[in-house]
Amino acid sequence: MGNEITQLLERVSAGEPAHLAEVFERLYPQLRQIAAARLRAGERTLTPTVLVHELYLRATTGEPLSASDRRHFFTTAAKAMRWILVDHARRKAAGKRGGDLLEVTLTESLAQAPAPDVLDLHDGLEVLGEIAPQQRDIVELHYFGGLEFAEVAALLGTSERTVYRQWQRARAFLHARLR
């Protein structure tokens, strides 16, 4: 299946964008699984299906997708999902500051609910990217892309142990930054 996906992506890159729909159709279960993993962290207004469909819309409109193989496609998809979640969180935050002019009374149960930190995580990843770009890439691929450490290592051309060490450092940095 990986070889078929690579061939379809090569056709998309060669100027046949109609094949992108087939790539999404074949990889839909994996994309939905990745989206579900990202949304488990407390996001309640997006569903995995909506996130994957938004990804598809963004991939088929605007700049043509330039993914050379299946791994590159998932890397690109992980980054796009991150940006979709960041955009969604920004819209929600704008609404909380009066952007939608809807008054909401704070109840005790709402006060205890943890606020989503997608924007804080995004800001932390931007800072991490300036300091250690490979660590940011590892976080995007593992956390947002749902790839295992072995897959990340193969994609980045390094050892699995190095990826795991860099993941631990990135996590420590982001935990300290998010406090």
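1. Which residue forms a salt bridge with Glu-22, and how far apart are the closest N and O atoms? The partner is Arg-26, and the closest N and O atoms of the pair are 2.7 Å apart. Glu-22 and Arg-26 are 4 residues apart in helix 2, which means a separation of about one helical turn. Glu-22 counts as partly exposed because its relative accessibility is 28%. Arg-26, at 30% relative accessibility, is also placed in the partly exposed class. The coordinates come from a predicted model, and the points below should be read with that in view.

2. Overall make-up. The chain has 9 helices and 0 strands, so the pattern along the sequence reads α-α-α-α-α-α-α-α-α. Of its 179 residues, 36% count as buried. Taking contacts between residues at least 6 apart in sequence, 67% join residues at least 24 apart.

3. Helix 2. This helix covers residues 19-39. At 1.5 Å a residue, its 21 residues should span 30 Å, and the end C-alpha atoms are 28 Å apart, which agrees. Helix 2 nevertheless bends by about 65° at Leu-27. A proline, Pro-29, follows within four residues of that position. Leu-27 is itself on the list of buried residues of helix 2, together with His-19, Leu-20, Val-23, Phe-24, Leu-31, Ile-34, Ala-35, Arg-38 and Leu-39.

4. Ile-5 and its surroundings. Ile-5 belongs to helix 1, residues 2-13. Its relative accessibility is 0%, so Ile-5 counts as buried. Leaving aside residues up to four places away in sequence, Ile-5 touches Val-23, Arg-26, Leu-27 and Arg-70. Arg-26 is thus a contact of Ile-5 and the salt-bridge partner of Glu-22. Leu-27, another contact of Ile-5, is the residue at which helix 2 bends. The C-alpha atoms of Ile-5 and Arg-71 are separated by 9.8 Å, with their positions 66 residues apart along the chain.

5. Salt bridge in helix 3. The structure holds 8 salt bridges. One of them joins Glu-54 to Arg-58, with 2.9 Å between the closest N and O atoms. Both residues lie in helix 3 (residues 48-60), 4 residues apart, about one turn of the helix. Glu-54 has a relative accessible area of 28% and is therefore partly exposed. Arg-58 counts as partly exposed at 31% relative accessibility.

6. Salt bridge between helices 4 and 7. The side chains of Glu-140 and Arg-82 meet in a salt bridge, 2.1 Å from N to O. Glu-140 lies in helix 7 and Arg-82 in helix 4 (residues 70-99), so the pair ties together parts that are 58 residues apart in sequence. Are Glu-140 and Arg-82 buried or exposed? Both are buried. The two residues also belong to a network of salt bridges that links Lys-79, Arg-82, Glu-126 and Glu-140.

7. Packing of helices 6 and 7. Two packed helices are described by the angle between their axes and the distance between the axes. For helix 6 (residues 118-131) and helix 7 (residues 133-144), the axes come within 6 Å and cross at roughly 140°. Helix 6 contributes Leu-121, Leu-125, Leu-128, Gly-129 and Ile-131 to the contact. On the helix 7 side are Pro-133, Gln-135, Arg-136, Val-139, Tyr-143 and Phe-144. By class, this contact has 8 nonpolar, 2 polar and 1 charged residues.

Note on methods
Residues are numbered from 1 along each chain as its sequence is written. This is a predicted model: local features need pLDDT of at least 70, side-chain atom pairs count only at pLDDT 80 or more; totals for chains, interfaces and linings use all residues. Side-chain values use heavy atoms; hydrogens and water are left out. Axes are lines fitted to C-alpha atoms, for helices over the stretch in contact, and angles run from 0 to 180 degrees between N-to-C directions. Helices (H or I, at least four residues) and strands (E, at least two) are DSSP runs, numbered from the N terminus. Contact means heavy atoms within 4.5 Å. Ala, Val, Leu, Ile, Met, Phe, Trp, Tyr, Cys and Pro count as nonpolar, Asp, Glu, Lys and Arg as charged, and the others, Gly among them, as polar. The expected span of a helix is 1.5 Å times one less than its number of residues. The bend at a residue is the angle between axes fitted to the seven residues ending there and the seven starting there. Buried means under 20% relative accessible area, exposed over 50%, partly exposed in between (1.4 Å probe, protein chains only). A salt bridge is a side-chain nitrogen of Lys or Arg within 4 Å of a carboxyl oxygen of Asp or Glu.
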